[in-house]
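Look at the model below and turn it around before reading on. The paragraphs that follow go from the whole chain to single residues.

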Amino acid sequence: MKNNIIKKRNKLITSESILALNDETVDMKFLLEQGREQWKSMKQSGFSGLVGLSSIKMIAALYSALVDNINIILADTDTHISEYCSEILKDNELVDVRKNREKLKAIKKAKGLAVLSSGSLGQPKLIFHNRNNFVKNAYAAMQRLDINKKDRVLITVPVHHMYGLGAALIPSILGGAEILLLPKANILNFNEAIKNFKPTITFSTPHLLRSLLRRERPRQEFSRGIVLAGDGIPAIIHNRAKSTFGEVFNLYGSSELGVIAISRPSKPKSLIALDKVEISAKKKQKKRCVLLVKHPYRATHILNHEKLQETKAVWNTKDIATIADDSSFRIHGRADLSINRSGKLLVLADLERKIMSWQDVNSVVVISSNNAGKRGQDITALVKADSQELTEAKLKQFALDNLPTFARPDNYKIINNMPFLKSGKPDRKALVEEYQCG
């Protein structure tokens, strides 16, 4: 066991990867030396915060911390972490932090690498991972995706989140790939990167991909695949992604567990758990169930509402899944975002995927209210349109033509702006606060 840990740590140190960010290109040796130089001026007492990982210097501090086992907390702002850090490195500068000894004491039992959950449904949680287990999980993802020295990997998601860091950046370094980071990706620089960098593997989100593929694009012959995580995409966008990037890999994971499963190539309904990860069902409802996961590399502790708790060996994902006889599985959506309508379970994510396939729909979030109608809780579809031709009347007609009665929204609202979190997920909490009534 100890030899395996040393071997993977060495693979991280001796990686032949080349990393590019903001017109700077460096190798791993340079990155490690620069990071170690920065840590010389820091206390390294308790947890050090790394805020805003959007420069080579900040990535160097991150890489060095992983190699040398320094306790770090990652975030895009210091809003939720400052009181838990003994020091913060933000945009290459050391900044003052509030000294709240009680809060520092609260996380005394935790060590390693900490990330914030997306906070899409509430207050973000601080999640602590053992560094060695974190690297082992990244190594398993690298093997599953077969990332190697021949690959050019484009990462369009921020690396302070588990997806960008544990599923994309660290596996790419372990594989020795050439890497281009776009921490603030938009359609313009995404397009430019595809044209000039010619990635063989791209990590992105359904939201960004959907914007990129609004129009048909020619097949990128150099590409062997795109990896997507987050909310599901309708079949039409999935097919366009396949025709543009080659294979499409759907990745399923969480901030608490890291990478759990990756789909078979272009088979989004066929997620396969990583080696040593075990899945099971909490309670089956006909063919569907709440998914349980036993993950050897899960987080050690979670800080939620200022209370630090150890994670349980078997994790309730609160996601509704269908498990096939060969143990592959499909995720339908969150159990706590599912409601009973006319005696049937309606998974809001399923409904959103369906509406996303309708003409001129850019993005959609369905929220429920406390009002009860004939079919159960009222639901409202908040839709951002691609065209001014899309109206609420057209949405109602689409629903009549395509949805069973129990799944048809009671209300539609076309909104000008759909807020998104930096993870690429819609900011559901903000939408509920603004539009939920009753």
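The chain carries 69 positive and 44 negative charges, and the mean positions of these two sets lie 6 Å apart. These values, like the others here, come from a predicted model.

The secondary structure consists of twelve helices and 26 strands. The radius of gyration is 22 Å, close to the 22 Å that the globule rule gives for 438 residues, so the chain is as compact as a globular protein of that length. Along its principal axes, the C-alpha trace spans about 65 × 55 × 45 Å.

How much of the chain is buried? Buried residues account for 53% of the 438 residues. The chain exposes about 20,800 Å² of surface, and 46% of that area is supplied by carbon and sulfur atoms. Contacts can also be sorted by how far apart the partners are in sequence. Of the contacts between residues at least 6 apart in sequence, 63% join residues at least 24 apart.

Next come the backbone angles. Most residues other than glycine have a negative phi. Asp91 is not a glycine, yet its phi is positive, at about 50°. To find Asp91, go to the loop between β5 (87-90) and β6 (93-95). Its relative accessibility is 46%, so Asp91 counts as partly exposed, a class that runs from 20% to 50%.

Lys318 also has a positive phi without being a glycine, with a value near 60°. Where is Lys318 placed? Lys318 belongs to strand β20, which covers residues 314-323. Its relative accessible area is 45%, and Lys318 is therefore partly exposed.

A helix residue can be followed in the same manner. Ile187 is found in helix α7, made up of residues 187-197. With a relative accessibility of 29%, Ile187 counts as partly exposed. Which residues does Ile187 touch, not counting those up to four places away in sequence? They are Leu208, Ser211 and Leu212. Leu209 is 22 residues away from Ile187 along the chain, and the C-alpha atoms of Ile187 and Leu209 are separated by 8.8 Å.

A strand residue, Ser368, can be followed too. Ser368 lies in strand β24, residues 361-373. Is Ser368 buried or exposed? Its relative accessible area is 16%, and because buried means under 20%, Ser368 is buried. Leaving aside neighbours within four places in sequence, Ser368 is in contact with Ile339, Gln377, Asp378, Ile379 and Gln436. Ile236 can be set beside Ser368 as well: these two residues are 132 apart in sequence, and their C-alpha atoms are 27 Å apart in space.

The last topic is cysteine. A disulfide is a covalent bond between the sulfur atoms of two cysteines. How many disulfides does the structure hold? The number is zero. Two cysteines can still be located by their accessibility. Cys85 has a relative accessible area of 1%, so Cys85 is buried. Cys289 is buried too, with a relative accessible area of 2%.

Conventions. Residues numbered from 1 in each chain as written. Predicted model: local features only at pLDDT ≥ 70, side-chain atom pairs only at ≥ 80, totals over all residues. Heavy atoms only, no water. Helix = DSSP H or I, 4+ residues; strand = E, 2+ residues; numbered from the N terminus. Rg over C-alpha atoms; globule rule 2.2 N^0.38 Å. Buried < 20%, exposed > 50% of the residue type's maximum accessible area, 1.4 Å probe, protein only. Contact = heavy atoms within 4.5 Å. Areas by Shrake-Rupley, 256 points an atom, 1.4 Å probe, with all protein chains shown as cover. Lys, Arg positive; Asp, Glu negative; His and termini not counted. Charge placed at Lys NZ, Arg CZ, Asp CG, Glu CD. Disulfide = S-S within 2.5 Å.
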